[in-house]
4 protein chains.
Amino acid sequence: MSQTTARRVRQAAIELFATRGFHGTGIRDLAEAAGLSSATLYHYMGTKEDLLVSIMRTSLERLVTAAKQVTSDVPDPLDRVSRLVALHVLTHASQQLETRVVDGEIRALSDARRSEIIALRDEYEAFWQSAIDDGCSRGSLRPSSRRVARLALLEMCSGISRWYSPDGPFTLDDLACRYVEMALGLLGATDPLPKRELGPVHAVMAAVWGD
Amino acid sequence: MSQTTARRVRQAAIELFATRGFHGTGIRDLAEAAGLSSATLYHYMGTKEDLLVSIMRTSLERLVTAAKQVTSDVPDPLDRVSRLVALHVLTHASQQLETRVVDGEIRALSDARRSEIIALRDEYEAFWQSAIDDGCSRGSLRPSSRRVARLALLEMCSGISRWYSPDGPFTLDDLACRYVEMALGLLGATDPLPKRELGPVHAVMAAVWGD
Amino acid sequence: MSQTTARRVRQAAIELFATRGFHGTGIRDLAEAAGLSSATLYHYMGTKEDLLVSIMRTSLERLVTAAKQVTSDVPDPLDRVSRLVALHVLTHASQQLETRVVDGEIRALSDARRSEIIALRDEYEAFWQSAIDDGCSRGSLRPSSRRVARLALLEMCSGISRWYSPDGPFTLDDLACRYVEMALGLLGATDPLPKRELGPVHAVMAAVWGD
Amino acid sequence: MSQTTARRVRQAAIELFATRGFHGTGIRDLAEAAGLSSATLYHYMGTKEDLLVSIMRTSLERLVTAAKQVTSDVPDPLDRVSRLVALHVLTHASQQLETRVVDGEIRALSDARRSEIIALRDEYEAFWQSAIDDGCSRGSLRPSSRRVARLALLEMCSGISRWYSPDGPFTLDDLACRYVEMALGLLGATDPLPKRELGPVHAVMAAVWGD
DNA sequence: GATGAATGAGAGTTCATTCAT
DNA sequence: GATGAATGAACTCTCATTCAT
């Protein structure tokens, strides 16, 4: 199974699922985008849903791995939140199509598949909740509600995949920093805000996404 | 043309489009949910896309009207932002299915229809940008970027339609107030935050959505 | 649902399933034979398998009903066997396509459907076994094995649907009588063989198959 | 071309064609059952239809050869019929899958191929007709119709391949004897029935089928 | 106002077969 | 001798839509 063709199929699926949605993308669209006949497509995937699940799983597993690495052995909850925000923003901007699929097409999954994906998503979000909770316990964060704060924060950060364009006026790092700032404001951070270093986040991302 | 049947069709469409997506909803699903045959459905709508457009247009037009009313003659930009956040959160929670359709199915529109809807959305978002810009000019808001702030803020607020449940621990007004707080934090509001009154927002909503 | 169109679909299915087999018959073949588009076909049936099951069920239910009526209150087992043979031969010749489908396409059914149909077939064959067993108990039949005799007898009689042609030299009643003779010979009937009357069998058939 | 692989392919085809039918068996099923890839399959066969024809031809040619040997220089038509019945029953039980394919999948052949196979079948059945006709001429058989008797007799005997199981209570020789009895009864044999010897039939079968 | 009947187009998927390696 | 890759055609079935009644 040619590795590059498989990748082309995957990439075509990400692009089409992201822009037209899973149900709005036909098998023949997929085949054309990948430069194959629709029959050949089936050498490189199971069903259309299998392909969607595979994209989602890979993406979420990487996110979980990165979230763990970026927060482990980081005692300060504000640091942890900042790193999670940066990680999330950077991936949702640089992998914007993929993340849009993950965030937006869960409803297209059959029940059996959905629960697996949702479990992964929950695993990832637990890192956020834990950081927020710790920040509250230590008094360095004062959100009006911990759970609502997590939800609002995640929606704000995920949203970037819906509007980001590399042609915009900001670099990715710029954006990440601004989002960290907004996030801490949103969470009612009490401390003065020192400039956070994105170095460790970049290192983790390179390890997890790089080949 | 029975008014109530027409409303049933519309309501069925909102529910199905919101939960399964436009392309994931078949005409037969729609007919069944409305208690009609699929042929009869066509007495109450044009094409499936017409129905979607109509739902979106109504929803956005109300939002534009309400945003105008809620901000007109309100000099303080923080007040304006607060009212817009409250309006947005209240509608995205109480009309969560409808707003999910508006926010999530724009890509399903054909080019011609999409531009009309996007124009309406832009008209609405202009109220936000104006309030934020004014706040910056006056120094009462210090976001890192005016445009990014608007986008992040809107995503955060719209997100509520994706997770809100009336069974949750908070009342709608509670939620609205918390979101106002988070929004002002996010925007780097410099002033102490007085408790904002939701009264005017409720009045406008009753006028615009009430029947 | 037009009764006559439904019948046309059914008839087309019987003809095609009988001559080409279930798996050898495409939905488009079916539609063409019925004079419909393949989409319209689905107004008159569920799945292709549903259609097959329906044909089989109707046919077997009639056979069971007829077998019951033709043997009830008939004390002499030789009479019962003779009537069953006549009934079977007459139906397998006059409904030769339908019976070929019933006998030959059971393997095409999914497990769930197959068990229902096999239960009907077993119910029908029980009338045969009972008549043969009674004949043996009374000493008027002397087959070498009751079970093998039933199987051999049924295969012999069912076979008629595979070669019968209305253009042949024999009338249906002729054939039925000859088969009764052969059957009694096969079963080792000890009595002299009086000419059996087909009258009651015809009456039952008219009641069960006639409209 | 490995002899054993070729045999494995043939055996897989016999099993699948017999249980699912020709049209119900896919090339991939065949490949999997033979332990090959579907491409490799084509080293051992022509088209799927070629494979079917080859199975049928081999089987029928053996049957014709055996029928000739088993009846040549046998003057008594009852002996000839008895030997044909025994031969047919023994092969249809011990080669039940193969014979099921031969008897049941003729309709799957294209016109050109079908005529060849039908010619072989007719050649085989001629031995039966000749024996029956001779028995009638000599007065030792009294069927009601010579042709109908042949058809009924063959259907009865062939049927064994549809229900025989080696786990059943009878040995093959048992079954063969019982079928001879039933056959002679069916044909209205007038003589007392001496026990027939299966020895010559077994000898011929060993010569024709043995390797 | 309502619907059964109808359909061309297209859905996702599998078909038997070929061929370069 | 074996197979991964490829495909046009076909598969069963559903799509959104129309129209006569």
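Is C:Arg113 buried, partly exposed or exposed, and at what relative accessibility? C:Arg113 counts as partly exposed, at 25% relative accessibility. One thing to keep in mind while reading on: this is a predicted model.

## A salt bridge inside chain C

Let's stay with C:Arg113 for a moment. Its side chain meets that of C:Asp50 in a salt bridge, 2.2 Å from N to O. C:Asp50 sits in helix 4 (residues 48–71) of chain C and C:Arg113 in helix 7 (residues 111–138) of chain C, so the pair ties together parts that are 63 residues apart in sequence. The partner, C:Asp50, is partly exposed as well, at 26% relative accessibility.

That pair belongs to a bigger tally: over all chains, the structure holds 33 salt bridges. In general terms, side chains of opposite charge can pair when their charged atoms come close.

## Where chain A meets chain B

Now for the contact between chain A and chain B. Chain A puts in 29 residues, and chain B puts in 29 residues. About 2500 Å² is buried between chain A and chain B, with carbon and sulfur atoms giving 61% of that area. As a reminder, the size of an interface is often given as the accessible area lost when the parts come together.

What about the polar side of things? Between chain A and chain B the count is 4 salt bridges. There are also 6 residue pairs in polar contact between chain A and chain B, both residues being at pLDDT 80 or more. On chain A, the side that touches chain B draws at least two residues from each of helix 1 (3–20), helix 8 (146–158), helix 9 (160–163) and helix 10 (172–186). Sorted by class, that side of chain A has 13 nonpolar, 8 polar and 8 charged residues.

One of the salt bridges to look up in the viewer joins B:Arg162 and A:Glu155, with the closest N and O atoms 2.2 Å apart. This pair crosses between chains, running from helix 9 (residues 160–163) of chain B, which holds B:Arg162, to helix 8 of chain A, which holds A:Glu155. B:Arg162 is partly exposed, with a relative accessible area of 34%, whereas A:Glu155 is buried, at 13%.

## Where chain C meets chain D

Over to chains C and D. Here 30 residues of chain C are in contact with 29 residues of chain D. The area buried between chain C and chain D is about 2500 Å², and carbon and sulfur atoms give 61% of it.

How many salt bridges are counted between chain C and chain D? The count is 4. In addition, 6 residue pairs are in polar contact across the interface of chain C and chain D, both residues at pLDDT 80 or more. Helix 1 (3–20), helix 8 (146–158), helix 9 and helix 10 (172–186) of chain C each supply at least two residues of the side that touches chain D. By class, that side of chain C has 14 nonpolar, 8 polar and 8 charged residues.

C:Arg162 forms a salt bridge with D:Glu155, and the closest N and O atoms are 2.3 Å apart. Again the pair crosses between chains, from C:Arg162 in helix 9 (residues 160–163) of chain C to D:Glu155 in helix 8 (residues 146–158) of chain D. C:Arg162 is partly exposed, with a relative accessible area of 35%, while D:Glu155 counts as buried at 14%.

Here are some of the salt bridges side by side:

| Residue 1 | Residue 2 | N to O distance |
|---|---|---|
| A:Glu155 | B:Arg162 | 2.2 Å |
| C:Glu155 | D:Arg162 | 2.2 Å |
| C:Arg162 | D:Glu155 | 2.3 Å |
| C:Asp50 | C:Arg113 | 2.2 Å |

## Cysteines without a partner

Last up, the cysteines. How many disulfides does a search of the whole structure find over all chains? The search finds 0. Take B:Cys157: the closest cysteine sulfur is that of B:Cys177, and at 13 Å it is too far for a bond. B:Cys157 is also buried, with a relative accessible area of 0%.

C:Cys157 is in no disulfide either, and the nearest cysteine sulfur, in C:Cys177, is 13 Å away. C:Cys157 is buried, with a relative accessible area of 0%.

Notes
Residues are numbered from 1 along each chain as its sequence is written. Chains are lettered from A and ligands numbered from 1 in the order in which they are written. This is a predicted model: local features need pLDDT of at least 70, side-chain atom pairs count only at pLDDT 80 or more; totals for chains, interfaces and linings use all residues. Side-chain values use heavy atoms; hydrogens and water are left out. Contact means heavy atoms within 4.5 Å. Buried area is the accessible area (1.4 Å probe) that two parts lose on being put together, summed over both. A polar contact is a pair of N or O atoms within 3.5 Å; within protein, one must be able to donate a hydrogen and the other to accept it, and residues adjacent in sequence count only if both atoms are side-chain atoms. Helices (H or I, at least four residues) and strands (E, at least two) are DSSP runs, numbered from the N terminus. Ala, Val, Leu, Ile, Met, Phe, Trp, Tyr, Cys and Pro count as nonpolar, Asp, Glu, Lys and Arg as charged, and the others, Gly among them, as polar. A disulfide is a pair of cysteine sulfur atoms within 2.5 Å. Buried means under 20% relative accessible area, exposed over 50%, partly exposed in between (1.4 Å probe, protein chains only).
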